[in-house]
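Please take a moment to look over the sequence and the structure, and then follow the explanation below with both of them in view.

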Amino acid sequence: MIKNKPARICAYTVLTITLFLTVAFILARFVFRNQIVVYAHKLLYEERLNTLRLSPDYDSKTTDSLTFTILRDSVIADSIYKYFRLDTIIKTNASTWNNAKALATFVHKNIPHTNQNDISPDKRNAIDLWKYHKNGNRPLNCLYHAILLHELMLAAGITNRYVNCMPADSTDNDCHVVNNVWLPETGRWAMIDSDQGAYICDKNGTPLSLEAMRNSIKEGHNIKDKYLIRGKKRTDYISYWTKKLYWFYTNRHIGFGQSMPLDAQRVALIPEGFTLPPENKNYITTSNPQQFWNIK
């Protein structure tokens, strides 16, 4: 009996450890899951925020010679307007922002998200992207969401530009593409994200542009995430954005059918001293935010 006692103690210890780990797993999985997720998001947000805050400043004194154009075509605008029956989506007496949200909601509700790693549409304009989606209920990534919304808003007379929002890590391909919308009633730009169905506001409920989002997050101002569909939100949306506001790029000439021509000139807004990743080395660069953002 005495000789078997260590074996019984060992078996009891293993059983106790196994029971403890099982209980810990159950608590983590079902009881404290939300708290663990929130804590993980907080740590990730703080890491991303620190990276953004340590980024070099822009230099508004630079005087790079840059011109941007938004190419408009009344014939194409009319065909898109009729094809999508935009008169049933927007209202003639509504504000630019409310109509922009209505169009973004239309895109968000009808087209689900994908990372689009394998198959991509050959034609990248509003009507053909819509047909591509309808042919097999195919989802679209954030870039194609933004291109589709861009042309819908142009057809509705809303000035906007889609912008690629990039992280600091040149080896990280996790970028995001959204639309920056010009609101003539207030003389401001505002970001709208049809892919995620959201936008960002300041503490007073004023929608923020990409530039204002970057400045607000970097300076620690109180901002809020808002969603196009009630009850549909993500817990890490602002943290998600904090990673993707390090530098930006956009096509120099944009408009109907101008989504991704091979010879497109792209302009990047970068912090001083930042080196573009090798695949972006041919982009025109500027560190002047006023020059990059004030495009109408």
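In which helix is the place of D78? D78 sits in helix 3, and it is worth keeping in mind from the start that the model being examined is a predicted one. With a relative accessible area of 37%, D78 is partly exposed, a class that lies between buried, under 20%, and exposed, over 50%. Although 77 residues separate D78 from A155 in sequence, the C-alpha atoms of D78 and A155 are 6.7 Å apart in space.

That pair leads to a view of the whole chain. The protein chain has nine helices and ten strands, and 45% of its 296 residues count as buried. If one takes the contacts in the protein chain whose separation is 6 or more, 64% of them come from residues that are 24 or more positions apart.

Helix 3, which covers residues 74–83, packs with helix 5, residues 126–134, at an angle of about 30°, and the axes of helix 3 and helix 5 are 10 Å apart. On the side of helix 3 the residues that meet the partner are S79, I80 and Y83, while helix 5 brings A126, I127, W130 and K131. Sorted by class, the contact of helix 3 with helix 5 consists of five nonpolar residues, one polar residue and one charged residue.

A second pair of helices can be read in the same careful way. Helix 4, residues 96–110, and helix 6, residues 142–155, have axes that come within 10 Å and cross at roughly 140°, and because of this angle helix 4 is oblique to helix 6. The crossing in which helix 4 passes helix 6 is right-handed. Helix 4 makes the contact through A100, L103, A104, F106 and V107, and helix 6 makes it through H145, L148, L149, L152 and M153. Among the residues of the contact of helix 4 with helix 6, nine are nonpolar and one is polar, and none is charged.

Two other residues of helix 4 deserve a closer look, beginning with T96, which is found in helix 4. T96 counts as buried because its relative accessibility is 13%, and the cut-off for buried is under 20%. Not counting residues up to four places away in sequence, T96 touches I158, W182, L183, P184 and E185. N99 also lies in helix 4, and since its relative accessibility is 10%, N99 counts as buried. When the neighbours within four places in sequence are left aside, N99 is in contact with I90, K91, A94 and I158.

Helix 4 also leads to the strands, for helix 4 lies across strand 3, residues 176–183, and strand 4, and runs at about 15° to strand 4. These strands belong to an open sheet of six strands, in which the order is 4-3-2-7-9-10 and the pairing is mixed. At the edges are strand 4, residues 188–192, and strand 10, residues 284–286, each of which pairs on one side only. From one strand to the next, the twist of the sheet averages 30°.

How many bridges pair strand 3 and strand 4? Strand 3 and strand 4 pair over five bridges in the antiparallel sense, and within strand 4 it is R188 that is the bridge partner of L183. The hairpin of strand 3 and strand 4 has four residues between the strands, and in this hairpin G187 takes a positive phi near 65°. Strand 4 is largely enclosed by the rest of the structure, because four of its five residues are buried.

Elsewhere in the sheet, strand 2, residues 160–166, and strand 7, residues 247–251, run antiparallel and are joined by three bridges. Here C165 stands opposite F248, which is in strand 7.

A last stop is helix 7, residues 210–219, whose buried residues are L210, M213, R214, S216, I217 and K218. Just after helix 7 comes G220, which takes a positive phi of about 80°.

How values were computed. Residues numbered from 1 in each chain as written. Predicted model: local features only at pLDDT ≥ 70, side-chain atom pairs only at ≥ 80, totals over all residues. Heavy atoms only, no water. Axes fitted to C-alpha atoms, helices over the stretch in contact; angles between N-to-C directions. Parallel < 35°, antiparallel > 145°, perpendicular 65-115°, else oblique. Left-handed = near helix turned anticlockwise from the far one by under 90°. Contact = heavy atoms within 4.5 Å. Nonpolar A, V, L, I, M, F, W, Y, C, P; charged D, E, K, R; others polar. Buried < 20%, exposed > 50% of the residue type's maximum accessible area, 1.4 Å probe, protein only. Pairing = 2+ DSSP bridges.
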